[in-house]
Each structure stands twice: as C-alpha cells, then as structure tokens.
Amino acid sequence: MTDMLQATLDSRLAALGMTSPVALAPMAGITDLPTRTLVQSFGAGLVVSEMVASREMVEAKPSVRDRAELGAQVEGTSVQIAGRDAVWMAEAAKLLAGQGARIIDINMGCPAKKVTGGLSGSALLRDHDHALRLIEAVVAAVNVPVTLKTRLGWDDDSCDTAALARRAEDAGIRMLTIHGRTRCQFYQGGADWAAIAPIVQAVTIPVLANGDIIDAASATAALATSGAAGVMVGRGAQGRPWRLAQVAAELGAGPAPRVPRGTTLVEVVAAHHAALLAFYGNDLGGRVARKHLGWYMHEAGTPSDLRRRVLTAASDAVAPLLAEALTGPQRQAA
C-alpha cells in the first residue's frame, strides 16, 4: 500500500475510532465478549458484536439483552442490530447508545433463512425503499455513527447494492461493509471482491471488503481488487485471535503482534477458556469453548486422540491437558 493510500485510510476510518483498517466480523455464537476482548488485546481496528434482534432487545429477552449489553461500551466495539420495523430498530439503537455503544451497525446481509424469512438481514436487499426507512430511523435516533453491513445483492439478477449504498450514504451511514457474495450464494463459491469495486466508487464513505479474507495475502488482494478502504476478517481469526493484528501490520497499519507460542500460547488459550466459563457458566461455557479449543488445536496440529480427550473432558479438566495438546513434542517437531 502506498503512503498516500494509507493516509487516506487513516483519515476516514480514524473518524470512526478505528485504529487500523482491519475489523473483526460479527459471527453468531463466536464473537462473544470474551473472544472480542481477546482479539482486541492483540490489536484490531474494530470488533463487531454478534447480531442482536432489535425488537427482542427492546423487549429485554435475557439471552439477547445480555449478549448486547456486555461490552457495548468497550472502546473499538460496534454493536450490530437487525430487524424489519423502523420503530423497533430506532428504539434498540437508542437503548444501545444509552448503554455506551460507540457505533451502531445495521445488518442487511445475514443470509440465514430464519432471518430473511422474517424480512430482516439480506431480505432487505429486495426492497431498497424499506431498507432506507430503517436506516433513516436508526440514524435519526442516535448521535453515534451508524454503519451498514450487507451483500452484493439478493441474487445474481439483483446486484444493485451500489444504488442502495448511495442512498444509505445520503441518509447518514458512515461506513459500509460489503460481503462479496449474494444472499442466494450464502457462503458457497468464492467471494467476488471485484464486484465490490462499483460500490466503493459509488460512495465517498469508507467501504470494508468482507468474504474469504483470512490472512495478509487475501487482504492485500481484496484491497487491490475492490479498492476498499479496509477489510473485515471472520473465520481467519478462529484459533488465531492475533490474525487481525498480523494483517494490519502487513498492510503497514500497525506493529506486528507477538504471536504466542509454547507456554505463552497455553496461557492465552487457558485464559480464553476460563473467560468463556466465567461469562456463560460452566455448562454452557464448556460447550461454547469446545469450538474455540478445536480451532486452537487444529492450528497447533494436535493429534486426533489427544484432541478428542480435550474436547470430551469436563470443563475443570481441560486446563491440565492444554500444555500437552498445544506444545507437545509432536508439535515442537512440526
């Protein structure tokens, strides 16, 4: 990246409180507060909460409210809301802003049937006028920046998100994140970063490219192909919470993180496991932690039999196994 391009990135994204052009994608059941906190500790331009349903948030259903309240006020955090009704969306945004949320992100990209079936998420790409009513209501409701995450379109015949992007910017949206697939693609095929370029060219606000960006090489390619101001990383951070900082460093936007190895890695994973247990409680926390432990062990090359022992162990028996699972002789020799 050139110095001039880097300066442009800094000036536009810094206004949103971002410290680098690399953000953590919201992932249901994954980017909870303990995980976001860990990623932030290594360095991230922005982390985004798991999506919360606006009406359920306002009506205070505990599972939804807890997920959004905890950490909403943390610096460098955006809270993502979804819905189909302007009143509920505005009320949820006001509630979150009152709790200290620094940025409100609107989800118009989730492809899940249970979301689109309720006319939320990427279903809104089929009705730009209604999507704009939601955007206008949220922007008018709060004094914090409002951003938008969406996709290329509903399907290959309706990739007109550039038009929506222009209208969203006029309505007050401060940043866009575009996943380089349509809703009907879900997560199949490769992300089309080139298709993000017309959206970047249609607006003056910064755009983050999302989809299949897992490391510095893919981030560099996505930026070059799309012309985006930054990138959003999702699965690339699974089992590698330092990955965002690595990508930012490669882009010339921050210092390289010290990647934990050996006993330091064991300490990081043990602390993450303990934080998940404290956050959710032993039973649910143990179940949630298994996916993270699996990713860490995949990265470490843990043998399948030892991996199975860790993943089937009682929560209080996991920590004593981590040293062998993550730094045993077979990994040291690899």
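Colleague: Hi! Strand β9 caught my eye; are its two faces covered or open?
Modeller: Both faces of β9, residues 230–233, are covered. G230 and M232 are buried on one side, and V231 and V233 are buried on the other. Buried here means under 20% relative accessible area, exposed means over 50%, and partly exposed lies in between, using a 1.4 Å probe and protein chains only. Helices (H or I, at least four residues) and strands (E, at least two) are DSSP runs, numbered from the N terminus.

Colleague: Before we go on, what kind of model is this?
Modeller: This is a predicted model, where local features need pLDDT of at least 70 and side-chain atom pairs count only at pLDDT 80 or more, while totals for chains, interfaces and linings use all residues. Residues are numbered from 1 along each chain as its sequence is written, and side-chain values use heavy atoms, with hydrogens and water left out.

Colleague: Back to β9, then. Which strands does β9 pair with?
Modeller: Strand β1, residues 22–24, pairs with β9 in the parallel sense over three bridges. Strand β8, residues 207–210, also pairs with β9 in the parallel sense, over three bridges. For two strands to count as paired, DSSP must find at least two bridges between them.

Colleague: And which residues stand opposite V231?
Modeller: V22 has V231 as its bridge partner in β9, and A209 stands opposite V231 too.

Colleague: What do β8 and β9 make together with helix α10?
Modeller: A right-handed β-α-β unit, with α10 covering residues 216–226. Right-handed means that, with the strands pointing away from the viewer, the path from the first strand over the helix to the second runs clockwise.

Colleague: Where does D212 lie?
Modeller: In the loop between β8 and α10. D212 has a phi near 65°, a positive value in a residue other than glycine. Its relative accessible area is 25%, so D212 is partly exposed.

Colleague: New topic: the interior. Which residues touch the most other members of the largest nonpolar core?
Modeller: I106, I135, I173, L176 and V231, out of 62 residues in that core. A nonpolar core is a set of buried Ala, Val, Leu, Ile, Met, Phe, Trp, Tyr and Cys residues joined through side-chain atoms within 4.5 Å. There is also a second, separate core of 20 residues, including L38, V310, A313 and V318.

Colleague: What is I106 in contact with?
Modeller: Setting aside neighbours within four places in sequence, the contacts of I106 include M89, I135, V138, L148 and I173. Contact means heavy atoms within 4.5 Å.

Colleague: How about T177, is that one buried or exposed?
Modeller: T177 is buried, with a relative accessible area of 3%. T177 belongs to strand β7. Not counting residues up to four places away in sequence, T177 touches L148, K149, T150, L208, N210 and M232.

Colleague: And helix α8: which of its residues are buried?
Modeller: In α8, residues 161–171, the buried ones are T161, A162, L164, A165, A168, E169 and A171. Among the elements covering them are α7 (128–141), β6 (146–151), β7 (176–179) and α9 (197–202). Just after α8, G172 takes a positive phi of about 115°.

Colleague: How many disulfides are there?
Modeller: A search of the whole structure finds zero; a disulfide is a pair of cysteine sulfur atoms within 2.5 Å.

Colleague: Why is there no bond for C110?
Modeller: Because the closest cysteine sulfur, in C184, is 13 Å from the sulfur of C110, too far for a bond. C110 is buried, with a relative accessible area of 17%, and C184 is partly exposed at 41% relative accessibility.

Colleague: Last one: how many aromatic pairs are there?
Modeller: Two. F42 and W242 form an edge-to-face pair, 5.8 Å centre to centre with 70° between the planes. F42 sits in helix α2 (residues 33–42) and W242 in the loop between β9 and α11 (243–250), 200 residues apart. F279 and Y280 form an edge-to-face pair as well, at 4.8 Å centre to centre and 90° between the planes. Rings of Phe, Tyr and Trp (its six-membered ring) pair if their centres lie within 6.5 Å; planes under 30 degrees apart count as stacked, over 60 as edge-to-face and the rest as tilted.

Colleague: Is W242 buried or exposed?
Modeller: W242 is buried, with a relative accessible area of 5%. In the other pair, F279 is partly exposed at 26% relative accessibility, and Y280 is partly exposed at 25%.
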